[in-house]
Amino acid sequence: MRNITGDYNSTPEDGMSSPLDKFIYDIKRDRIKQSYIVAMRTVTLLRDSISRYQGDTANQLEETICGEADRLVNSVPTNELIVGNMVKRVLRLVREEADASRKRDTSSREDAAIGGGLHSAMVVPADSPAKREPSFGLPEAVAIEELREPLLESIGELIAELESSAVHIADQSLEHIHSAEVVLTIGLSRTVEAFLKGAALKRRFQVMVVECAPNYKGHEMAVRLSDAGIQTTVVTDSAVFAVMSRVNKVIIGTRAVLANGGLKAIAGSRCIAEAASFHAVPCIVCAAMYKLSASYVSPVQLGSPEAVGLPPSAGPGEVGVGQNVEVGLGQGPGEVGMGQNVDDRVTQCTVAVEAPIFEYIPPELVTLFITNTGGHSPSYLYRLLSELYDMG
């Protein structure tokens with residue numbers, strides 16, 4: 001079970017009292033780095049909202065949950081797909097429990113009609129409330145606890161799935177990593193880290209970690225793997241194509257998996273996937289089911305940042321801005337003579353350099369997805385979507 005206390009207790013600006021406002025603030029300020037934390041806090045917020053609800057009818061509870069979910073999705077940035085994924089999962093649980101309550105109510109009314117005899121069932125007027133369908137969702141007669149208790153139980157099962165997702169992915173490592181193999185990965189992914197460490201318990205293999213400039217998260221990943229006894233080599237981003245011929249398989253993480261099988265992955269992953277495809281090296285993606293999104297990307301949008309919900313311009317935490325650099329004005333080859341004070345003609349300016357954190361990887365570059373439910377090909381994702389979300 002992962003510890004989320006450190007991220008969960010983030011301190012927002014003054015005036016934000018509700019947990020939902022705090023969560024939205026943390027998302028917008030890019031304070032939550034792990035997608036697992038985003039998923040867990042989203043589900044926890046909706047669960048707490050259901051637990052605190054003080055209304056009288058199940059219909060009102062259903063409307064309250066939908067309103068809370070809409071506010072959550074509309075308030076967070078569009079590039080945070082995990083929030084929408086978990087909201088859809090919870091709303092599907094709400095609909096399933098609502099249908100179950102509706103069926104139980106219908107069955108009880110039919111039993112009451114049979115118990116009262118055929119005559120009493122026939123003489124009920126057609127416009128009687130007993131024969132009219134409810135205007136929304138659930139029958140008004142359904143007690144709120146008949147929906148709340150099973151719904152909280154289902155959400156508890158969803159939280160347990162989130163907590164065990166990394167463990168279930170790591171349990172499959174021995175099926176994909178064999179002795180004396182060379183595995184290449186990029187940056188720091190805790191899911192991939194657990195996957196490689198799980199395989200290292202019984203197999204000896206080598207890992208090449210792409211450093212992932214300019215954040216150089218690959219260095220931290222290399223230290224963690226080395227501490228676990230795994231032979232690790234740090235590779236520069238520019239050397240990926242040169243070393244790919246020595247690699248047996250590529251294993252990377254992702255921020256989100258799109259409905260067409262494409263990835264929203266850390267910048268630099270596209271270069272690795274293209275090099276792996278050129279050298280016929282399998283590219284394996286470790287991703288829990290909560291990262292599977294119902295968002296689609298059309299071929300026309302593939303070149304635009306909006307295709308995967310990335311902002312088209314600079315945003316907090318997504319570009320390197322404010323770096324002070326020295327720029328010489330009016331200087332050219334041969335214009336500065338010996339003994340001249342060049343510093344007198346140098347000024348300070350601020351240069352903004354765009355450095356996107358994520359990029360899009362098309363599904364044809366992915367060989368296999370390893371999820372907490374098993375391994376799946378990109379073409380099978382449509383089936384998983386229908387099992388997780390209401391696609392209608």
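In this predicted model, the secondary structure of the protein comprises 12 helices and 12 strands. Of its 392 residues, 43% are buried. The chain also meets itself across long stretches of sequence: taking contacts between residues at least 6 apart in sequence, 78% join residues at least 24 apart. The accessible surface comes to about 20,000 Å², and carbon and sulfur atoms account for 52% of it.

Seven of the strands offer a good place to begin exploring the fold, since they form an open sheet. Reading across this sheet, the order is β3-β2-β1-β4-β7-β11-β12, with mixed pairing. Its edges are β3 (231-235) and β12 (374-376), each of which pairs on one side only. From one strand to the next, the twist averages 25 degrees.

Within the sheet, strands β1 (residues 182-186) and β4 (residues 249-252) run parallel and are joined by two bridges. Here L184 stands opposite V250 in β4. Helix α9 (residues 217-227) lies across β1, β2 (206-210) and β3, and runs at about 160 degrees to β2.

Another helix worth a visit is α4, which covers residues 58-75. Its 18 residues should span 26 Å at 1.5 Å a residue, and the end C-alpha atoms are indeed 26 Å apart, so the expected and modelled spans agree. The buried residues of α4 are A58, N59, L61, E62, I65, A69 and L72. These residues cover an arc of only 165 degrees around the axis, and therefore sit on the same side of α4.

Key
Residues numbered from 1 in each chain as written. Predicted model: local features only at pLDDT ≥ 70, side-chain atom pairs only at ≥ 80, totals over all residues. Heavy atoms only, no water. Helix = DSSP H or I, 4+ residues; strand = E, 2+ residues; numbered from the N terminus. Buried < 20%, exposed > 50% of the residue type's maximum accessible area, 1.4 Å probe, protein only. Contact = heavy atoms within 4.5 Å. Areas by Shrake-Rupley, 256 points an atom, 1.4 Å probe, with all protein chains shown as cover. Expected span 1.5 Å × (residues − 1). Arc of directions from axis to C-beta. Pairing = 2+ DSSP bridges. Axes fitted to C-alpha atoms, helices over the stretch in contact; angles between N-to-C directions.
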